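Please look at one helix and its surroundings, then at one loop residue. The two are taken in turn.

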Amino acid sequence: MTSGARPLPRTLVVRLDSAGDVLLAGPAVRAAAAGSSYTALLCGPQGAQAGRLLPGVDEVLVHDAPWVGLEPAPVSRRETLDLVDAVAARRFDRALVLVSYHQSPLPIALLLKLAGVGWTAADSEDYPGALLDLRHHRRPRRHEALAALDLARACGFDLPPGDDGGLRVQAPPDTTSLTGPEPYVVFHPGAAVPARAWSPERAVRAAAALHAAGHRLVVTGGPGERDLTAKVAGEHGLDLGGATDLRRLAGVLAGARAAVTGNTGPAHLAAAVGTPVACLFAPVVPAERWRPFGVPHVLLGDQAAPCAQSRARHCPVPGHPCLDGVDDAEVLAAVAALAAGADGRAGPAARPRHGAHPPPPPGGHPDTERGASI
């Protein structure tokens, strides 16, 4: 495939974090794919399922990077060399390294250079030396999805015509056989980081209140959360804990009137299928960067709580007040408003543009540094 006389590049997009992070990379991935002949995604084991759901991805490569994750893998010479060999074999022309605002892209940038990738770009506050060909500076307080798209645009990529820039996944399956045909609300009580979810006891009370208000609940969770989902569903909801992989969870969320979830991957998966989110958002990380993107949503939780910006995994304040202090009336009001709006919504393709802005002018973006100068 060519654009004029110039062949389109083979592009590698890197996002090594969790499923939610990979989903937030979706708009940037689609922009890269629109300007590439072949687009691969390199992600970690926790993000692989999400990566396979993203439109525009021709291949998913998986590497358990020892500098990423809640329980990082040990450093392995063999696995590191295997990654270098796998990337080298695919002869990528370009690589975009996507990282969160607090992460460094330089470890993977070094490996990409060793693999022979000709041109690499990333957001980096650290001096990159020869490791980056384009050092981009993230805009202050930018949402993660938009920050990734900004980088893609700085590299000369952009979304194709008609793409609204929201989160998106491949068409999810019909999961009516799991949920039943009647209208329902999804309640996802768990999170990989306990500080970002209700305590189990508070989740049980919320499920009872939602049920009493007339909502049919479908309670979801991963294989390791079966005890939690069984406790929360109780006699108030349908327990689907451990019953879905990420693709089938996308189907369950797509059929819901609204989703109630913490700041975790399913919140972003709900956004990717166009379902509004009542998000229990603990302020341990900033909502401006991580809130549900591109869909109607309500943030529940005290954003000025003492734990704000701490990045704590376990709540440092007794009683977990930022989330457990959210009362049932707030939850019911949020779900009622979101569900009422969802009843008349069109599909994800009909969503308005969110955060769209023109591509950078010729010569680069003002937040971009070409080469490794400082």
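In this predicted model, the cover over the buried residues of α4 includes the strands β3 (10–15) and β4 (38–43), together with the helix α5 (106–114). The buried residues in question are Leu-83, Val-84 and Val-87. Viewed down the axis of α4, these buried residues fall within an arc of 95 degrees, so they line one face of the helix. The general geometry gives the background: an α-helix has 3.6 residues a turn, so residues three or four places apart point the same way. On the other side of α4, Arg-77 and Ala-89 are exposed, each with a relative accessible area over 50%.

The length of α4 can be checked as well. Helix α4 takes in residues 77–89, and because each residue should add 1.5 Å, its 13 residues should span 18 Å. The C-alpha atoms at its two ends are 18 Å apart, in agreement with that expectation. Just after α4 comes Arg-91, with a positive phi of about 50 degrees.

The loop residue is Gln-170, which is found between α6 (144–154) and α7 (176–179). Is Gln-170 exposed or only partly exposed? Its relative accessibility is 40%, and therefore Gln-170 counts as partly exposed, since that class lies between the 20% limit for buried and the 50% limit for exposed. Apart from neighbours within four places in sequence, Gln-170 is in contact with Arg-52, Leu-53, Leu-54 and Pro-55. As for Val-13, 157 residues separate Gln-170 from it in sequence, and their C-alpha atoms are 18 Å apart in space.

Note on methods:
Residues are numbered from 1 along each chain as its sequence is written. This is a predicted model: local features need pLDDT of at least 70, side-chain atom pairs count only at pLDDT 80 or more; totals for chains, interfaces and linings use all residues. Side-chain values use heavy atoms; hydrogens and water are left out. Helices (H or I, at least four residues) and strands (E, at least two) are DSSP runs, numbered from the N terminus. The expected span of a helix is 1.5 Å times one less than its number of residues. Buried means under 20% relative accessible area, exposed over 50%, partly exposed in between (1.4 Å probe, protein chains only). The arc is that of the directions from the helix axis to the C-beta atoms. Contact means heavy atoms within 4.5 Å.
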